[in-house]
Amino acid sequence: FALSLGPSPPPMQIHRISLLSLAVAASLAGNAVAQGDDCGAALNIAQGLNGPYSNIGSSTSFPWPCAAGGNDVWFSYVAPGNGPLTIDTCTGTNYDSCIEVFDGTAGCGGLVSLVCNDDSCGLQSMVSVPAVSTGTLYYIRVGGYSSNTGTFTLNLNGPIGSGTVA
């Protein structure tokens, strides 16, 4: 018994898609969240120069007390020792930036603003927290004046601890 289905279909073409192509497509999806776009997704940073980062495509978390800031990226920092902490975007930043630092002890739902700044070193920003405490969590958000966007580095200069913070 033979069954005829008409002319045979054209040969199947094989399409190869790289993992990189799939990752790019996923990141461009309409509901994708930028890395570090809110407090709960804060990026961990440490002493010294961090980055480069970008605030392009990020949202504005809530109103800024300075700089009419917007398009912010969030970072978390655990102080390794007691003493002053200075944070700046003075080097490697290509837009008008602003910085705000929060005490993160109560988590993202209980942030306490410690300091906010715009335009300390040209159009870039620098903040100083007079005294941070060993093992305390701080959140830092970097944005752009009037929602300016671009790339930036974040330089932290603070106390050096005597060991590892648990």
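In what order do the five strands of the open sheet run, and is the pairing mixed? Keep that in mind while you load the structure, which is a predicted model.

**Stop 1: the whole chain**

Start with everything in cartoon. You should find one helix and nine strands, with the helix coming before the strands as you go from the N terminus. Of the 166 residues in the protein chain, 38% are buried. Switch on a surface and you are looking at about 9,400 Å² of exposed area, 58% of it supplied by carbon and sulfur atoms. If you like contact maps, expect plenty away from the diagonal: among contacts with a separation of 6 or more, 78% are between residues 24 or more positions apart.

**Stop 2: the sheet**

Now colour strands 1, 3, 8, 5 and 6. They give you the answer to the opening question: the order across the open sheet is 1-3-8-5-6, and the pairing is mixed. Select 43-44 (strand 1) and 112-118 (strand 6) to see the edges; each of these strands has a single partner, so one side of each has no neighbour in the sheet.

Next, pick residues 97-103 and 137-145. These are strand 5 and strand 8, which run antiparallel and are joined by seven bridges. For one pair to zoom in on, take Ser97, whose bridge partner in strand 8 is Gly144.

**Stop 3: the disulfides**

Show the cysteines as sticks. Three disulfides turn up, and if you number the bonded cysteines in sequence order, they pair as 1-4, 2-5, 3-6.

Begin with Cys39 and Cys108, where the S to S distance is 2.0 Å. The torsion about this S-S bond is -80 degrees, making the link left-handed. Cys39 sits in the loop between helix 1 (19-27) and strand 1, while Cys108 is in the loop between strand 5 and strand 6; the two are 69 residues apart. Turn on the surface again for a contrast: Cys39 is buried at 9% relative accessibility, whereas Cys108 is partly exposed at 33%.

Move on to Cys66 and Cys116, with sulfur atoms 1.9 Å apart. The S-S torsion here is about -70 degrees, so this disulfide is left-handed. It links the loop between strand 2 (48-54) and strand 3 (69-78), home of Cys66, to Cys116 in strand 6, 50 residues apart. Cys66 is buried, with 15% relative accessibility, and Cys116 is partly exposed at 21%.

Finish the set with Cys90 and Cys121, joined at an S to S distance of 1.9 Å. This link is left-handed, at -85 degrees about the S-S bond. Look for Cys90 in the loop between strand 4 (83-88) and strand 5, and for Cys121 in the loop between strand 6 and strand 7 (126-132), 31 residues apart. Cys90 counts as partly exposed at 26% relative accessibility, and Cys121 counts as partly exposed at 21%.

**Stop 4: a cysteine without a bond**

Last selection: Cys98. Why does its sulfur make no bond with the closest cysteine sulfur, in Cys66? Draw a distance between the two and you get 5.9 Å, which is too far for a bond, because a disulfide needs the sulfur atoms within 2.5 Å. Then check the surface: Cys98 is buried, at 0% relative accessibility.

Key
Residues numbered from 1 in each chain as written. Predicted model: local features only at pLDDT ≥ 70, side-chain atom pairs only at ≥ 80, totals over all residues. Heavy atoms only, no water. Pairing = 2+ DSSP bridges. Helix = DSSP H or I, 4+ residues; strand = E, 2+ residues; numbered from the N terminus. Buried < 20%, exposed > 50% of the residue type's maximum accessible area, 1.4 Å probe, protein only. Contact = heavy atoms within 4.5 Å. Areas by Shrake-Rupley, 256 points an atom, 1.4 Å probe, with all protein chains shown as cover.
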